[in-house]
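Let's take a walk through this model, one region at a time. Keep the viewer open and follow along.

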Amino acid sequence: MFSLKQNSWFIRKVVIWRAVASIAWSVLLLPVTTAVFVLLSRFSLFYPIQWISDCTSLLTASSTIFSLVVLCGVVLITGFFNLEFYTLVPSIPCSRMALLGTVLHPRQCVHSLLYCTMGMLVMWCASVTIGGRYSTLGTPCRQSESGEVGTCLNEYHLFLLLAGAFMGYSHSFLGVVQNMYYVSFQPIQQYKYPRFKGCLPMVVKCSVIQALYSARNFAALYFFFGYVPKTWISSTLNLQIDSSLQPLDSLTGLLDFSLLYHLSIGGTFLYLTWYLTVLLFRIYVTEAYSFPVQSTFTEDAEQCLPKVLAEKNTSVMKFLALQDLALLSQHSLSRRLEVFGLSQPGGHPHNWNAISRECLSLLSELTQRLVAHQDAVASNGRVKSQSASSDTRSASSSSSVVSRKEDIAETPRLSVPLRTPGSVFKSSVGGVNSAFTPDVDSPFSSPAIRRLVGQQDPQSPCYGTGQSPHIMRRGPKLWSASTESQSNGSPPASPATVPSLTAASQKPSFLAQWLQNRREQVKSFLAKRVLIMYLFNKLPEASSQALFADCQAHIWALQGLSHLVAASFSEDQFGVVQTTLPSILSCLVVLLEAVDRHFKLPHASSKPVRTICSMGDSTYKTLRFALRAALKTAIYKITTTFGEHLNAVNISTEHRKRLQQFLEFKE
């Protein structure tokens, strides 16, 4: 209980305080962005002195100060959403239907409704700041029949409010489609101010582009459906419609340069306010944190690097610990000596054992995921026996592990349950979106695939998405009883016992069989419809991207292990790394073989298509290429450091041949 409370306090200190700091800076930047917006909204080319004086008086007006208070509340809510919805493992839907289900999820609907409300608040502040014909919703007008002065609906003000709601929904929608809440760590570490300064032009550019797109889409939407909200609001608020003015739901009303200009800069101000909050949150959360390698006090032991690396429930702290491991292995001699040091009393390498064990466990889990995905693609709907697959994995693992008693505890076992990116790391504040669930309810998924997926983790990525159309056309082949029994290691069943076993099995009822037949007929009917095929067809690269969604952690594990092993050649005075060197080399070679086989699958080696400027982070699409490069770099780092001394390491012949290619620079 004490360690759990201590860990929760540690998470609150590191994560929540960083989020609070990012929100504070977003609030401090509000006067600057508001001043720029005021200058652009009152821009006058021919009267510059009057323009500057009007802007100065407007910035000190009470309406502008009240608008700043409202905008501060909007920024606080936006920062809370960033803290609640952020994830280090992106949500990758396997089909368009899965993406549609994510967009229509009740939680996402509430999120979109709140952002529509905040968009209206921001555009209300913008319209009040602009003033003139945009200031209020009701405006005095003279009725043509009686000549009396009444209150009419100000359609310009209503136009900007509805545009703010539309832009708020667009921001919420793009947050799901473009994985805007995905927080990635930069490969090259920078301080906060240089990184913010370098990203600021990109944020401004994305705000302008997104505002122009949203203004165009909203103008087209208002042209067709603008009469509905205008009539409803005027009847609800008992406001008249001024017939002397040109309505904005017409072509001539929308061709107003001043209206489109103010709509564009208002949308740019809205998106810039939100995008700056997202950018500052990413910068603060991904800032490097230095963990102590070992502590002399017992109450601080849970904050040490080996303990945090072994944590399974806090993804942010685990990522920060792996990042710190990669940095200390390259740039900190004193901390590397602590890793190679021995505990006193006892003289045991606890630090190195814990760090290497956790890194090897991560790499082994990735190897398992790749092997399971390749087995699912190769099986083509045929269920392979569990014993055969386990025998294959055990044979590969036994050839890569040295038969030493002292290495047994340090060697990662490849028989642990399969874990996917959604289950390896759980967010400490906001939950990871479970979009890795395979689309087994699709009318095109075979029963064998559903049984195969049913034996795996519910959050595993859709393994069957990498199959080519030629492989998908082949029907599933049957496995004979003798083949299964031989793979299980048991003698084949005699012909006399087979009928008894089938008779003993429970026969399905007539109603269940009739329902199954009707279900298959419905599936075959829906499979012939083009729209259904479009929604349920698997996205080509979704499977490969989902497999490598959390590979930034594995890249840091590779960098940390390789640099520590290379540094041990001259810095390890006690030889603690030599005991686990065979296991490390075997694990790297086995992972390299699995990665090479994966890149031979369809759509695995295709480059992602470049998208337009957006705040959504798409670096997860190229993580598989970064992992392969980091893996080869790690092996080269070890082989070039040790050279021919690797011939004395006790590893299998196959792995020695593969390492020889690295020694000869043939990879």
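A quick definition first: a residue is called buried when its relative accessible area is under 20%, exposed when that figure is over 50%, and partly exposed in between. Bear in mind that what you are looking at is a predicted model.

With those cut-offs in hand, go to helix α28, which spans residues 653-663. Its buried residues are His655, Arg658, Leu659, Phe662 and Leu663. These sit on the same side of α28, because the arc they cover around the axis is only 155 degrees. Now spin the helix round: on the face turned away from the buried side you'll find the exposed residues Thr653, Glu654 and Lys657. Just past the helix, have a look at the backbone of Phe665, which follows α28 and has a positive phi, near 55 degrees.

Stay in that stretch of chain for a moment and turn to charge. Side chains of opposite charge can pair when their charged atoms come close. Lys666 does this with Glu664, forming a salt bridge whose closest N and O atoms are 2.9 Å apart. Lys666 counts as exposed, since its relative accessibility is 61%, while Glu664 has a relative accessible area of 38% and so is partly exposed. Elsewhere, salt bridges with shared partners join Glu155, Lys230 and Asp249 into one network.

How many salt bridges does a search of the whole structure find? The tally is 11. One of them pairs the side chains of Glu287 and Lys192, at 3.1 Å from N to O. This pair links distant parts of the chain, 95 residues apart: Glu287 is in the loop between α10 (257-285) and α11 (305-309), whereas Lys192 is in helix α7. Both ends fall in the middle category: Glu287 is partly exposed because its relative accessibility is 27%, and Lys192 is partly exposed because its relative accessible area is 29%.

Another salt bridge joins the side chains of Glu571 and Arg336, with 2.9 Å from N to O. Glu571 belongs to helix α25 (residues 551-571) and Arg336 to helix α13 (residues 333-340), so this pair ties together parts that are 235 residues apart in sequence. Are its two partners buried or exposed? Glu571 counts as buried because its relative accessibility is 16%, and Arg336 counts as buried because its value is 10%.

Back to helix α7, which runs over residues 192-225, this time for its nonpolar side chains. Leu221, Phe223, Phe224, Phe225, Leu251 and Leu255 form a nonpolar patch on the surface, and together they have about 680 Å² of accessible area. Helix α7 gives the most to this patch, with four residues. Pick out Phe223, which is found in that helix. Phe223 counts as partly exposed because its relative accessibility is 35%.

Last stop: the cysteines. A disulfide is a covalent bond between the sulfur atoms of two cysteines. For a pair to count here, the sulfur atoms have to lie within 2.5 Å, and the count comes to zero disulfides. Why does Cys72 have no such bond? The closest cysteine sulfur, in Cys125, is 9.9 Å from the sulfur of Cys72, and that is too far for a bond. Cys72 is partly exposed, given its relative accessible area of 22%, whereas Cys55 counts as buried because its relative accessibility is 1%.

How values were computed: Residues are numbered from 1 along each chain as its sequence is written. This is a predicted model: local features need pLDDT of at least 70, side-chain atom pairs count only at pLDDT 80 or more; totals for chains, interfaces and linings use all residues. Side-chain values use heavy atoms; hydrogens and water are left out. Patches are made of residues with over 30% relative accessible area and no salt bridge: like charges are joined within 9 Å, nonpolar side chains (Val, Leu, Ile, Met, Phe, Trp, Tyr) within 5 Å. Accessible areas come from the Shrake-Rupley method with a 1.4 Å probe; for residues, only the protein chains shown count as cover. A salt bridge is a side-chain nitrogen of Lys or Arg within 4 Å of a carboxyl oxygen of Asp or Glu. Helices (H or I, at least four residues) and strands (E, at least two) are DSSP runs, numbered from the N terminus. Buried means under 20% relative accessible area, exposed over 50%, partly exposed in between (1.4 Å probe, protein chains only). The arc is that of the directions from the helix axis to the C-beta atoms.
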